[in-house]
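Colleague: I have a few minutes before the gel finishes. Can you walk me through this one?

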Amino acid sequence: MKPAFSVIFLTTLIGAGQGLFLALFTHQSYALFGLLPMQSNAFYGYGSVLALLFLIGGLIASFFHLGRPERAWRSATQWRTSWLSREVIVLPAFMGVVFLYGAAHLSGYNPEVVTLPGGLLIDLSAVLGVVGTLLSFALFICTGMIYACLRFLREWHTPLTVINYILLGGSSGFILAAFYSASAAPDQSDFFAGWAMIITLLAFIGRGTSLVRNAHLKPKSTIQTAIGIKHPHIVQRSMGAMGGTFNTREFFHGKSAAFMRTIKPTFLILVFVVPLILLALGMSSLVLLGVAFILQYIGLLAERWFFFAQANHPQNIYYQTIG
Amino acid sequence: MTQLALVIDLNVCVGCHACVTSCKEWNTSGSAGPLCDENPYDANPTGTFFNRVQTFEVGQYPNSETVHFPKSCLHCEDPPCVPVCPTGASYKRKEDGIVLVDYDKCIGCKYCTWACPYGAREIDEKQQVMKKCTLCVDRIYDTKLPERDRKPACVLACPTSARLFGDVHDEESVVSKAIRESAGYALMPEWGTHPANHYLPRRKTKLKIHEDELERADNPLKVDGQLPKPGKGEPSMDDASAW
């Protein structure tokens, strides 16, 4: 497939935003149970603003993918069958809840909703946090399923696709949270950095597994099944077009095998190795955490590029020889 | 249930591209707007087509055959491109099984092309909506046309009648008979899309001549000459020598 930069930015930006929100509410949940000191409203509030900025960035990027962005509203109608339509619904819903969560903290309007037996006080922000957490995971699942549900693209058609979207977004968001808290609440940054290391390690296992799986995939469709002629030697002499078509532009990444070989270790180092080292070195260092987030984000762009480029569409069998 | 479809006979397709040009001609002139081209007279011309004829070489020289392979939307009975569409622009008509795109609803996200294993859909780069074969839906029901013209443009244009059109759910239709009697098959059956369009395989055409057919059976002595004239009223072996 040809990687589209709109989709690369969409998935990486909302991944970071979702992960950051999950990190903030994880901290608030810990604090609710008295495991960590509760932070000021401003800490959670401005953190949500930061998460919202990433989500808005992703939403803006997504419009560049559409040929007819003015009709984008129509894409919310087919949620019964289309994962893309579901994502279109869940993304703004999640953004709305993140906005309300931040607003509840920043405005100070945070009334008590219920007191659980045992004296645990559940306020409005906690309820919004739970809803937001569910929506965040729902959004990860929608994003992952957009790719995982396409059975022809066997590199994507695996639960690992969804798992990796969750783990990579989580890793990115928790590193961002560690960076944010290093400036806003320095004594809490090792909590975020610790979780970030665990999630990054899990993401490494998940992505590594999918790389190994994809390296052993055998294509289901062959030129024989594509044209229905059972002969071991079939070569395409002409695709029926002299100057390329939509089918040659959309489904081939057009980069050399050497480029593909280079980008894989590059993203593995930038997404997993570099952040893990920097997190271990500087759990509360603003500079190191910032560098870790930025370098990992660049790595995630490369990772997402590779994710698209590696998928080999069966239609490519029909488009091998321009002539 | 009706399922309109094409059956394409690879045994008689000569790769003339008449179906491609007639398809383009009909569908670029309709009320749905043109099928846009870019750089049509420049280097790297490219454009939107519903139908393409591809060419494959089967076997290795000198034992090879050239197979011309027309390819358009197969109007799958279980079309994977339809449920993924987020706007409902892609749909399959209940009444005749044609898979269509509503150009006024399409947002050009290209997700349906990812979900089609056959590469049958092409985006119109100027209008930025997805386009695909309509089986000439604006023609086959047009009662202003004489009945024999109510067929897709490609079918009418084919000089070798390699393209048949009809209802594959009707056992007695010309397409069902062709599929049944000439071993019609579907493309990429491994994905379970159940394409409605079928292809008829190449067939070896052999003229079998037996040894005794090369010799005159009425010349047992192998001597060419005038046959003796039979007597009047007697049976003769050929018209020439008969009275």
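**Chain B, then the contact**

Modeller: Sure, starting with chain B. Take its contacts between residues at least 6 apart in sequence: 56% of them join residues at least 24 apart. Bear in mind that this is a predicted model.

Colleague: What is the secondary structure of chain B?

Modeller: Chain B comes to six helices and eleven strands.

Colleague: And how does the radius of gyration of chain B sit against a compact globule?

Modeller: Chain B has 26 Å. A compact globule of 243 residues would be near 18 Å. Along the principal axes, the C-alpha atoms of chain B fill a box of roughly 90 × 45 × 40 Å.

Colleague: How many of the residues of chain B count as buried?

Modeller: Of its 243 residues, 42%. Buried here takes 20 or more other C-beta atoms within 10 Å of the residue's own.

Colleague: New topic. How many residues does each chain put into the contact?

Modeller: Chain A gives 47 residues and chain B gives 47 residues.

Colleague: Which elements of chain A supply at least two residues each?

Modeller: There are three helices and a strand: α3 (83-107), α7 (223-227), α8 (246-250) and β3 (234-238). On the chain A side, β3(A) gives the most, with five residues.

Colleague: What is that side like by class?

Modeller: The side of chain A that touches chain B has 21 polar, 19 nonpolar and seven charged residues.

Colleague: Back to β3(A). Which strand of chain B does it join?

Modeller: β3(A) is joined by four bridges to β4 of chain B, residues 51-60. The two strands run antiparallel. In one pairing, S238(A) has T55(B) of β4(B) as its bridge partner.

Colleague: Which strand of chain B does β4(B) join?

Modeller: That is β5 of chain B, residues 63-72. Ten bridges join β4(B) and β5(B), again antiparallel. A hairpin links them through two residues. Across this pair, Q54(B) stands opposite F69(B).

Colleague: How do side chains point along a strand?

Modeller: In a regular strand they alternate between the two faces of the sheet.

Colleague: Last one, α3(A). What is its reach, and what is expected?

Modeller: α3(A) has 25 residues and reaches 35 Å from first C-alpha to last. That is close to the 36 Å expected at 1.5 Å a residue.

Colleague: What follows α3(A)?

Modeller: G108(A) comes next, with a positive phi near 80°.

Conventions:
Residues are numbered from 1 along each chain as its sequence is written. Chains are lettered from A and ligands numbered from 1 in the order in which they are written. This is a predicted model: local features need pLDDT of at least 70, side-chain atom pairs count only at pLDDT 80 or more; totals for chains, interfaces and linings use all residues. Two residues are in contact if their C-beta atoms, placed from the backbone, lie within 7 Å. Ala, Val, Leu, Ile, Met, Phe, Trp, Tyr, Cys and Pro count as nonpolar, Asp, Glu, Lys and Arg as charged, and the others, Gly among them, as polar. Two strands pair if DSSP finds at least two bridges between them. The expected span of a helix is 1.5 Å times one less than its number of residues. The radius of gyration is taken over C-alpha atoms; the globule rule is 2.2 Å times the number of residues to the power 0.38. A residue is buried if 20 or more other C-beta atoms lie within 10 Å of its own, exposed if 12 or fewer, and partly exposed in between; C-beta atoms are placed from the backbone.
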